[in-house]
Amino acid sequence: MEGKKTREEVEKSGMIDTWMRKHRLIYTGATKHPFILSIRDGTVDLEAFKTWLGQDYIFVRAFAPFVASVLIKAWKESDDSSDMEVILSGMASLNDEIAWFKSETAKWGVQLSEVVPQKANQDYCRFLESLMSPDVEYTVAITAFWAIEAVYQASFALCLEDGSKTPAELRETCQRWGNDGFGQYCNSLQKIANRRLGKTPDDVLTKAEVTLLRVLEHEVEFWNMSHGAA
Ligand SMILES: Cc1ncc(CN)c(N)n1
């Protein structure tokens, strides 16, 4: 019978993998949400897609300052100078992402000036803002950053797998987050998070785990805005 792993053993395999196994249910809820499954099986309601598009544009505008706050924390607190390059590459891809949302919404006839942030979006943006506080440790912030990016990567990669029936007009959207380059970038973030979590005191480790769970809950609520919300 497999006994409980010691802290040292967990650190070797990586805390993120351990948490993904421990919180499999909510992780799956965020990465295999019915909205994503509807894209993958080709039954997606295009009005729901347009809702997601407009809401996500608002989210990404709040996400960029959060990433900037992680960059500041890395500069002040990181034990490895290469972290900054990874975070900077994330900021650069957000620049592209914002431009892409503008052209994609225009293509679908979504008027960005008329998009009103829904409650789940407001709550998620407020949560991001709370993580921007200087009181939030770099280890906690980088864990959240990894989780936010990883959910989109895993979700949209699912829509590109062999056998998926993703509509042709949505494939570019799925490529944006489901491509291999974005996957490598998420792996780099995961590596940073694992390194930091491996040497963090227990109280910060607990904060990072709670923050990861909050991210996953917010991601589920975010998808729910477009699909399945009561
Ligand atoms: C809600 C949400 N989560 C994550 C991502 C990926 N940057 C996004 N655009 N939107």
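Trainee: What makes E97 a polar contact of the ligand?

Mentor: A polar side-chain atom of E97 lies 3.4 Å from a nitrogen atom of the ligand, and a polar contact is a pair of N or O atoms within 3.5 Å, so this pair counts. Keep in mind that this is a predicted model, where local features need pLDDT of at least 70, side-chain atom pairs count only at pLDDT 80 or more, and totals for chains, interfaces and linings use all residues. Residues are numbered from 1 along each chain as its sequence is written, and side-chain values use heavy atoms, with hydrogens and water left out.

Trainee: Which distance does Y152 have to a nitrogen atom of the ligand?

Mentor: For a polar side-chain atom of Y152 it's 3.2 Å. With E219, an N or O atom in the side chain is 2.8 Å from a nitrogen atom of the ligand.

Trainee: How much of the ligand's accessible area does the protein cover?

Mentor: The protein covers 100% of the 290 Å² that the ligand has on its own (Shrake-Rupley method, 1.4 Å probe).

Trainee: What makes the residues of the shell around the ligand nonpolar or charged?

Mentor: Ala, Val, Leu, Ile, Met, Phe, Trp, Tyr, Cys and Pro count as nonpolar, Asp, Glu, Lys and Arg as charged, and the others, Gly among them, as polar. That gives 8 nonpolar, no polar and 4 charged.

Trainee: Why is the pair of F35 and W223 called tilted?

Mentor: Their ring centres are 5.7 Å apart and their planes at 35 degrees, so the pair is tilted. Rings of Phe, Tyr and Trp (its six-membered ring) pair if their centres lie within 6.5 Å; planes under 30 degrees apart count as stacked, over 60 as edge-to-face and the rest as tilted.

Technical notes. Polar contact = N/O pair within 3.5 Å; in protein donor to acceptor, adjacent residues only side chain to side chain.
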